[in-house]
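Here are my notes on this one, as promised. Have the viewer open while you go through them.

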Amino acid sequence: MFLYNQWYVAAWSTEVTRTPLARTLLNEPVVLFRTEAGEIAAMENRCPHRRVPLSGGKVIGDILQCPYHGLQFNVDGACVRVPGQEMIPPTACVRTYPTEERYQWVWIWMGDAAKADPDLIPDYHWMTDDEWGAKGALFHVKANWQLIVDNLLDLTHLAFVHETTIGNAAVAENAAVKVTRKPNNVLVSRWVIDKPAPPTYVKAGGFTGPVDRWQFIDFTPPSFLRLHVGATPTGTGAPEGTFVDGINMRNLNCITPETENTTHYFWAQAHDFDPKNQTVTDMVFEQVKIAFLEDVDIFEAQQRSIDAHPDAKQIDINADSGGIQARKILERLHVEELAELAQAEPKVAAGQRVIG
């Protein structure tokens with residue numbers, strides 16, 4: 001189940017250069033490159049002549065040349081040259097995709113281009129705000145994207161998967177949890193009061209006694225999760241809104257499906273304490289990276305298990321509340337998108353898609 005009329009992150013800005021970059025997004029082969037002016041171009045990674053990936057070709061000016069027979073395509077997807085002939089077939093074109101460059105990422109709209117409103121891109125300003133230090137990465141995960149969404153909405157797993165970094169028993173056993181669902185948003189609020197800080201927090205904040213710890217998880221469709229996390233010494237007023245003498249961080253996640261069973265996982269960690277200190281930024285990032293690689297192992301083990309026994313029983317527990325609410329939103333949006341497609345193109349059957 002993919003939602004197409006949505007923004008997704010296609011790449012880190014630094015990944016897209018004058019050399020074509022191949023990336024599969026929502027089962028679609030895409031090629032990205034920069035024009036001479038530095039703008040992002042994104043198009044179908046498949047020459048209409050003999051279906052060779054265009055990413056194997058080269059960029060000449062603002063033209064992408066096929067590596068097989070040299071057909072050339074401009075940034076609008078139109079073929080502008082066929083070597084050896086003057087007449088260009090009218091169907092010699094490739095699909096192009098709207099893009100935006102924001103927050104160190106390249107965003108792409110995979111659905112109806114007429115609906116690609118840049119104002120719909122979610123806020124990730126912490127990535128580029130001078131008041132914050134931030135660093136991130138891209139993981140290629142051999143698992144369905146919704147397993148990652150589920151994981152980030154249920155942080156009880158920190159106690160068991162990440163006990164050497166960002167987790168401890170209190171996260172699972174002593175958290176006060178509230179789940180709030182709006183039409184297109186799920187907010188999970190978690191407080192752990194007067195408990196020991198986990199190892200990463202001790203390194204980052206120098207805590208020597210118990211802390212009051214918060215985890216606010218903000219989900220918006222299709223797959224954006226922004227976590228506000230941190231801790232202050234117990235009794236300094238964090239539950240009442242006074243955040244002093246502690247650490248305050250944002251964990252930023254953009255999850256882009258590659259296929260049904262593989263995912264591009266873009267993430268970053270931002271902090272507002274000593275934000276200009278690259279050593280601090282690197283330390284925080286490396287600690288979270290260790291934890292997230294542990295998550296990747298879990299996701300891929302889940303997927304292997306699901307693939308081997310797709311009909312095996314699965315139960316839900318209280319900790320799944322946020323993920324369940326998110327899936328309900330996604331299911332509704334999927335039905336709505338299919339209905340819009342069917343109305344626009346009556347011959348579209350349920351589960352099929354028309355390229356906009």
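**Notes on the fold**

1. Let's start at the N-terminal end: β1 and β10 (residues 105-109) run antiparallel and are joined by 5 bridges. One of the links puts A11 opposite V106 of β10. On terms, strands count as paired if DSSP finds at least two bridges between them. Helices (H or I, at least four residues) and strands (E, at least two) are DSSP runs, numbered from the N terminus.

2. Before going further, some ground rules. This is a predicted model, where local features need pLDDT of at least 70 and side-chain atom pairs count only at pLDDT 80 or more, while totals for chains, interfaces and linings use all residues. Residues are numbered from 1 along each chain as its sequence is written, and side-chain values use heavy atoms, with hydrogens and water left out.

3. Back to the sheet. It is open, with 3 strands in the order β1-β10-β9 and antiparallel pairing. β1 (7-12) and β9 (99-102) are the edge strands with a single partner each, so each has one side without a neighbour in the sheet. From one strand to the next, the twist averages 30° (axes are lines fitted to C-alpha atoms, for helices over the stretch in contact; angles run from 0 to 180 degrees between N-to-C directions).

4. The UniProt record, an unreviewed entry, places "domain: Rieske" at residues 7-108. Its positions use the numbering here, feature names are shortened, and annotations may be inferred rather than shown by experiment. In the model, the end C-alpha atoms of that span lie 6 Å apart, and the span is 0% helix and 41% strand.

5. Now the inside. The largest nonpolar core (buried Ala, Val, Leu, Ile, Met, Phe, Trp, Tyr and Cys residues joined through side-chain atoms within 4.5 Å; buried means under 20% relative accessible area, exposed over 50%, partly exposed in between, with a 1.4 Å probe and protein chains only) has 63 residues. L32, I108, M110, L153, L225 and Y265 touch the most other members. Helix α5 (residues 278-308) supplies the largest share, 8 residues. Another core lies apart from it, with 19 residues, including W7, Y103, W132 and L252.

6. What does Y265 touch beyond its neighbours within four places in sequence? Its contacts (heavy atoms within 4.5 Å) include F139, I148, C254, F292 and F299.

7. Finally, the whole chain: 6 helices and 17 strands. Of its 356 residues, 50% count as buried. The C-alpha trace spans about 80 × 45 × 35 Å along its principal axes.
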